[in-house]
Amino acid sequence: MTSSPAIQQGVENVQGGLGISVKSVSKYYGRGSQREQVLENLDLDVAAEKFVCLLGRSGCGKSTLLNLVAGLDNPSQGSISTGGRKVGVMFQEDNLFPWLTVGGNIELALKLSHVPRPERAARVADLLETVRLPGLEKLRPHEISGGMRQRVALAKTLAQECSVLLMDEPFGALDAFTREAMHDEIERIWAERRLTILFVTHDAREAVRLADRVIVMATSPGRIDTEIDITFDRPRRSDSAESAGLATELSNHIRRPLR
Amino acid sequence: MIKPGATPTSLDSPAPLDRQSTTKRRAGARRFIPPAMAVALVFVIWQGVYLSGWRPPYVLPAPLEVVERLIEMLGQEKFWLSLSITMGRAGIGFAVAVAVGTAVGLSVAHSRLLRSAIGSLITGMQTMPSIAWFPFAILIFGLGEQAILFVIVLGAAPSIANGLISGIDEIPRNLLRNAKSMAARGASLYWHIVLPAALPGYVAGLKQGWSFAWRSLMAGELLVIIASRPSLGASLQYSREFSDTPGLMAIMLVILIVGMAVDQVFTRITAGLLHRRGLGAARS
């Protein structure tokens with residue numbers, strides 16, 4: 001990474017307690033009149049050890065922003081910094097390699113993180129315990145349910161020992177019961193491991209359930225609409241009156257005509 | 001009222017695996033019945049054609065005669081020598097074809113320049129009949145082992161290259177994205193993710209390559225007869241010259257069986273690969 005003043009500033013901010021720093025980031029495709037502006041001049045800060053949700057409807061660029069923070073793509077303008085912290089990413093699907101067993105998948109993550117061979121088996125067992133799936137090492141991804149697959153994917157991400165976790169609608173493909181259980185799991189793991197989480201969702205209830213702060217994004221081009229701090233006590237429940245009320249308010253806010 | 005203490009095993013338990021192994025055992029013995037019946041049917045039709053007198057018996061022998069001849073051949077040393085020489089050529093030729101095809105496939109998959117330069121050439125070569133290569137091969141290498149090897153490789157390598165290329169091309173982008181988010185790069189990405197993901201396509205290419213190799217070899221052995229090296233192809237040629245039709249057909253049976261046997265190996269490997277990844281037809 002070249003050391004432009006913008007990035008220097010970003011690094012300083014992050015070292016000062018910010019988990020993720022996004023400064024004046026724009027992303028567009030194409031040129032001139034054909035240019036498609038996906039993200040426009042975004043500023044976003046996630047403090048360390050906070051749980052922040054990016055909330056918006058499809059097409060608002062929240063997944064694009066996540067990819068930029070993950071380093072899977074580069075911004076057209078602006079800078080992004082995670083202060084040298086290790087970043088893990090979890091997507092909605094295709095997180096597990098079908099030719100490996102559950103244990104094999106997690107072990108590969110450990111191997112790519114340069115964990116020495118003798119330690120790996122114990123760490124795999126440990127990680128499976130953390131996601132409450134002990135003993136599943138020998139099963140293959142297609143032999144377990146969707147919820148279990150996402151938990152294994154989470155174990156795989158945690159195996160990389162990251163302090164920053166990026167999640168792109170990870171529970172979107174799960175049924176409601178499993179999703180609620182996963183909310184409890186991720187909240188617990190976040191607290192236990194003191195992670196910094198940036199979580200993308202289109203579901204206002206999920207955002208209210210999980211986040212310390214919700215950043216609502218608008219579409220075309222993608223930009224930040226509002227930011228709301230949520231101070232409800234933890235551990236939270238989706239069905240409390242105040243949660244439901246705030247969720248409805250947020251939903252109405254983003255449920256504006258499609259552009 | 002829901003009773004406390006009821007363990008919700010169904011919500012979270014994996015598929016009961018014992019069910020699969022019993023169906024496997026049952027299928028083991030019964031698996032041979034359909035092909036055995038197909039073979040029996042062919043024999044019956046053949047016997048019928050023989051009995052009808054459509055062709056004289058010295059041109060079209062009865063199936064039993066051919067089987068007797070085959071059993072007789074199995075006791076002859078010359079047969080086994082021919083078979084081993086043929087199989088040796090097949091093995092070496094296929095091995096070289098795998099090496100060449102894999103190298104070309106990897107290079108083309110990885111390099112956009114190479115792909116546009118020789119991508120369609122590879123497919124073109126796949127469609128070219130191997131026998132058309134022989135005059136050229138014989139001119140260059142003379143009537144020898146090298147000419148045969150040359151044609152086997154040219155016949156099989158394009159299929160192997162193409163199998164690897166499509167195996168790599170068809171990897172879902174999400175899978176690669178996931179790999180990259182795990183900090184897999186370059187050689188490590190290739191070894192741990194790209195090659196395993198491309199394996200089913202590659203094995204399909206190997207299977208096709210084998211059938212082309214076997215066919216090219218048989219054509220070669222008919223055209224390039226080396227006096228000191230008996231082979232299945234040479235035996236075919238001799239049988240024809242001496243009008244030994246039962247012998248001719250017995251050797252054709254051997255050629256067919258060998259080709260099918262190796263093909264079966266690839267089929268099994270593919271089925272195993274797909275089954276472990278949760279793909280392919282369900283076994284039940």
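**Core.** I began with the largest nonpolar core of this predicted model, which has 107 residues, and I noted that Ile106(A), Leu154(A), Met167(A), Ile186(A) and Ile197(A) touch the most other members. Helix 10 of chain B, residues 186-223, gives this core its largest share, 15 residues. I then set aside that core and found another lying apart from it, with 25 residues, among them Val25(A), Val46(A), Ile80(A) and Phe91(A).

**Leu154(A).** Leaving out neighbours within four places in sequence, I listed the contacts of Leu154(A) as Met90(A), Val131(A), Leu165(A), Met167(A), Ile186(A) and Ile189(A).

**Helix pair.** I next looked up how helix 3 of chain A, residues 102-112, packs with helix 10 of chain B, and I recorded an angle of about 175° with the axes 12 Å apart. Because angles over 145 degrees count as roughly antiparallel, I describe helix 3 of chain A as roughly antiparallel to helix 10 of chain B. On the chain A side I noted Leu108(A), Lys111(A) and Leu112(A), which meet Ser188(B), His192(B) and Ile193(B) of helix 10. Sorted by class, this contact has three nonpolar, two polar and one charged residues.

**Confidence.** I checked the scores last: the model has ipTM 0.76 and pTM 0.81, while chain B averages a pLDDT of 86, with 88% of the residues scoring at least 70. Over residues 6-11 of chain B the pLDDT is below 50, and I found zero contacts in the model for this stretch beyond near neighbours in sequence. Residues 13-23 of chain B also stay under 50, yet for them the model has seven contacts beyond four places in sequence.

Key: Residues are numbered from 1 along each chain as its sequence is written. Chains are lettered from A and ligands numbered from 1 in the order in which they are written. This is a predicted model: local features need pLDDT of at least 70, side-chain atom pairs count only at pLDDT 80 or more; totals for chains, interfaces and linings use all residues. Side-chain values use heavy atoms; hydrogens and water are left out. pLDDT is the predictor's confidence in each residue, from 0 to 100. Contact means heavy atoms within 4.5 Å. A nonpolar core is a set of buried Ala, Val, Leu, Ile, Met, Phe, Trp, Tyr and Cys residues joined through side-chain atoms within 4.5 Å. Buried means under 20% relative accessible area, exposed over 50%, partly exposed in between (1.4 Å probe, protein chains only). Helices (H or I, at least four residues) and strands (E, at least two) are DSSP runs, numbered from the N terminus. Axes are lines fitted to C-alpha atoms, for helices over the stretch in contact, and angles run from 0 to 180 degrees between N-to-C directions. Angles under 35 degrees count as roughly parallel, over 145 as roughly antiparallel, 65 to 115 as roughly perpendicular and the rest as oblique. Ala, Val, Leu, Ile, Met, Phe, Trp, Tyr, Cys and Pro count as nonpolar, Asp, Glu, Lys and Arg as charged, and the others, Gly among them, as polar.
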